[in-house]
Amino acid sequence: MCGIVGYIGSRPAYEILIKGLHRLEYRGYDSAGVAMLTDDGRLNIYKSHGKVADLENFCNAQDLDGCAGIAHTRWATHGEPNDINAHPHLSRSGRIALVHNGTIENYTVLKEALEQQGYEFKSETDTEVLVQLIEYVMLTNGCQLVDAVREALHQVIGAYAIAVVDTQEPDTIVAARKSSPLVIGVGDGETFLASDATPIVEYTDKVVYLNDGEIAIITRGKPLKIITADNESAEIDIQTLKMSVSQLEKGGFPHFMLKEIFEQPRTIRDCVRGRIGNSGSRVTLSGVIEHADVFRRAKRIIIVACGTSWHAGLIGKRLIEEYARIPVVVEYASEFRYSNPIVTPDDVVIAISQSGETADTLAAIKLAKERGAFVYGVCNVVGSSIARATDSGTYIHVGPEIGVASTKAFTGQVTVLTMFALAVGQVRDTLDREVAAKVVCSIRKLPELIKQTLKLNDKIEKLSDTYTYVHNFLYLGRGYNFPSALEGALKLKEISYIHAEGYPAAEMKHGPIALIDHELPTVVIAPKDDLHEKIISNIQQVKARGGSVIAVVTKGDTTIAEIADHIIEIPDVPESISPVIVSIPLQLLAYHIAVKKGCNVDMPRNLAKSVTVE
Ligand code: F6R
C-alpha cells in the first residue's frame, strides 16, 4: 500500500518519477505527489488528490525542473485523501521533503513531543511527524541528513519505506526501510529507487533489495552506500532483474485484468516449466527436495494467507491431504497472528502471497518461526519480503500482476500447490503412481485447456448483460470447488461492488436458501466429479424457489443443461485440477459485469494490491 519512487542522476527527474508512479498505482490511488530538487537546492513540489493522471494534469503548467526527486502514490491510512495529506511532506523550514510507505505506530507520542517544542502540523498524517522529527534531530544534533534520518528512525515504532531529500544537500537522497519494501536500481551515473522493480526495469536491470533496518545513501556521482541502523557499513548485493517492460503494459487489452486473464496459458506454462518434464510423473520442486527431511517428518501443515491467496490455500489443503497425507489447517494470517496459535517444530507453515509484502502474512511467518516451525513460501514477486523471510519456497513465476483483482496469480498459486502436494507425496511415499501420472499429465495440458476455456469470453460477455444490474449473487460449489465459489464471489464483489457470497452447495439449505427468489442469481460450479449427483439436487432446490442458475459444467453435461438457465461449458478435467479451469469463466464473468457497470476494474475503489498495513 502506497508506492514510492526516487531518482537522482542527470536526466530530468519528473518524467521518470511520474512514469514510476503510474507503474505503482496499483498500490494505492487516493492521492499522489512529486518533489523535484534542483542542483541549486530549489524544491519543486506538487500534490493532488485523486489518481496519478490528476497530478500529471496539474503538473503540466508547473516548473518541473530538477534532476533529483521523490514521488508517492497514496492509499490513505491516517487522514482523508486530500491535497494536504498527500505526500511528499515537508519539514517546518521547508528544507526536507519525505515520502513514506507504511505506518508509524507511535506517531501520536512523537507528535505531542514535537508540539511541545513548538512544532505545528498541517496534515493529519503520521508521515508529517517523521519529517518534522528528522528536522528536529538535525537542528538539535547539528548533523547531516543521513545521521538525522538514522537517529529519528531509532525513535520510530512501525513500518516504513522512506525516501528523503534536503535542499542543503541537493546531490543526495537518503532511503530506509523496515517491513515495507524498497528496491534500488543501479544505473550508469544514475540511481533509482521504488517500492518494487516495475518503475526501474526500463532504465536498468541491476537492483539491490534493501534489507530491514538498512539505510541507503544515494549520492549523485558516487557509488551507492548502505549502512545499518547502528551506522555499520552493509553489504551491497546487486541482483539482475528478470522482468521486461512489455510485461508492465496492457498489450492492446483495455484493462490489465483482461490481459492477465488472457495471459494464463503462458503464465501456467512458465509456472510449471522445469518442474514437470515432457513425460513421466515426477515433479521437481527444489524447495521440497532440498528439505526432504523436514517434509518427511512434518506432522501438520498450517497454511497462512489473506484474500485470494487464502482461497488458493483452501484448495491446497485438499491437495496436500489427498496426495501427501499430512493434516492441513488453513488460517487467515490476520487471525492466526493474534490467536496465540499452537505451533511446534514438527509443523510446516506455508505462507501464500502474490505480492510477498502482505503485512499480516509477514507477521504470521515471524510468529511461526519464533515457535520453531519451518516456513515455506509460495510467492510471485521475486525478492519480496515474504520470499526472503521464509526458509524455502516456490515462486509461481506468473510475472507482474497489475490489475488489483488477482487472476493469474490465483491460478499460479493453485498450480504450485498441486505440484507441491505431489512433490511432498513423492518424498513421503504416499503417492499412488497411477494417480500421480494422471495429475501430472493434466498439469502438462493446463495451458492448452485454459486456452480452450478462454474461448468462452464472447459468450460470457453476452451473458453478463443479463446480470449487470442485480444487487446480489450466490456462488455454490463443493469439494475442490467450494473455494472456487468463494473466489468467484470475491472477484465479483471487489470489482463490480455487487454483493456476492460463496457457499458450500450443501450448506445452502442450512440458511442461505432463504435468500433465493427470482432476483438472486446463483452461480453453481458443477463439473463432473464424485459429487455431481448431489450438486444437481442443489440446482433443483434453487430452481424450485424461482432462482436463476448459471451453471459451470463439464462439456456435454446434458442433465444440467436442461435445468439451468445458462450453462458455461468447460473442458473435462480431473477434479483436483478443475479449480484452475473453473476460475477462468468466473474471472471473465466478474470482469464483464464490472465493465458494463462502468467500474474501474483495474483500480477498484478502496482497494490496493499490496496490503502492507494491518
Ligand atoms: C483479491 C486480492 C486480495 C489479495 C490479498 C492478499 O483479488 O487480490 O484478496 O489476494 O490482499 O494479497 P497477497 O497475495 O499479495 O498476500
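## Close-up views of salt bridges and the ligand site

**Figure 1. The side chains of Asp 166 and Arg 95 are joined by a salt bridge, with an N to O distance of 2.8 Å.** Asp 166 belongs to strand E7 (residues 158-166), whereas Arg 95 sits in the loop between strand E5 (89-90) and strand E6 (96-104), so the salt bridge ties together parts that are 71 residues apart in sequence. Asp 166 has a relative accessibility of 0% and therefore counts as buried. The model shown here, as in the other views, is a predicted one.

**Figure 2. A salt bridge links Glu 263 with Lys 408, whose closest N and O atoms are 2.8 Å apart.** Glu 263 is found in the loop between helix H6 (256-262) and helix H7 (264-272), and Lys 408 in helix H14 (residues 408-428), so this pair ties together parts that are 145 residues apart in sequence. Both partners count as buried, Glu 263 at 10% relative accessibility and Lys 408 at 2%. Through salt bridges that share partners, Glu 263 and Lys 408 are joined with Lys 259, Arg 266, Asp 270 and Arg 273 into one network.

**Figure 3. Asp 63 and Arg 42 meet through their side chains in a salt bridge of 3.1 Å, N to O.** Here the loop between helix H2 (52-59) and strand E4 (68-74), which holds Asp 63, is tied to the loop between strand E2 (31-37) and strand E3 (43-49), which holds Arg 42, so the pair connects parts that are 21 residues apart in sequence. Asp 63, at 37% relative accessibility, counts as partly exposed, and Arg 42 also counts as partly exposed, at 34%. In the whole structure, a search finds 28 salt bridges.

**Figure 4. The ligand is surrounded by 15 residues, of which Ser 309, Ser 353, Ser 355, Thr 358 and Glu 494 come nearest.** By residue type, this shell is made up of five nonpolar, eight polar and two charged residues, and helix H10 (307-323) and helix H17 (482-496) each supply at least two of its members.

**Figure 5. Polar atoms of the protein lie beside oxygen atoms of the ligand, including a polar side-chain atom of Thr 358 at 2.4 Å.** An N or O atom in the side chain of Glu 494 is 2.6 Å from an oxygen atom of the ligand, while for Gln 354 a polar backbone atom is 2.7 Å from a ligand oxygen. Taken alone, the ligand exposes 400 Å², and the protein buries 90% of that area.

Notes:
Residues numbered from 1 in each chain as written. Predicted model: local features only at pLDDT ≥ 70, side-chain atom pairs only at ≥ 80, totals over all residues. Heavy atoms only, no water. Salt bridge = Lys/Arg side-chain N within 4 Å of Asp/Glu carboxyl O. Helix = DSSP H or I, 4+ residues; strand = E, 2+ residues; numbered from the N terminus. Buried < 20%, exposed > 50% of the residue type's maximum accessible area, 1.4 Å probe, protein only. Near = heavy atom within 4 Å. Polar contact = N/O pair within 3.5 Å; in protein donor to acceptor, adjacent residues only side chain to side chain. Areas by Shrake-Rupley, 256 points an atom, 1.4 Å probe, with all protein chains shown as cover. Nonpolar A, V, L, I, M, F, W, Y, C, P; charged D, E, K, R; others polar.
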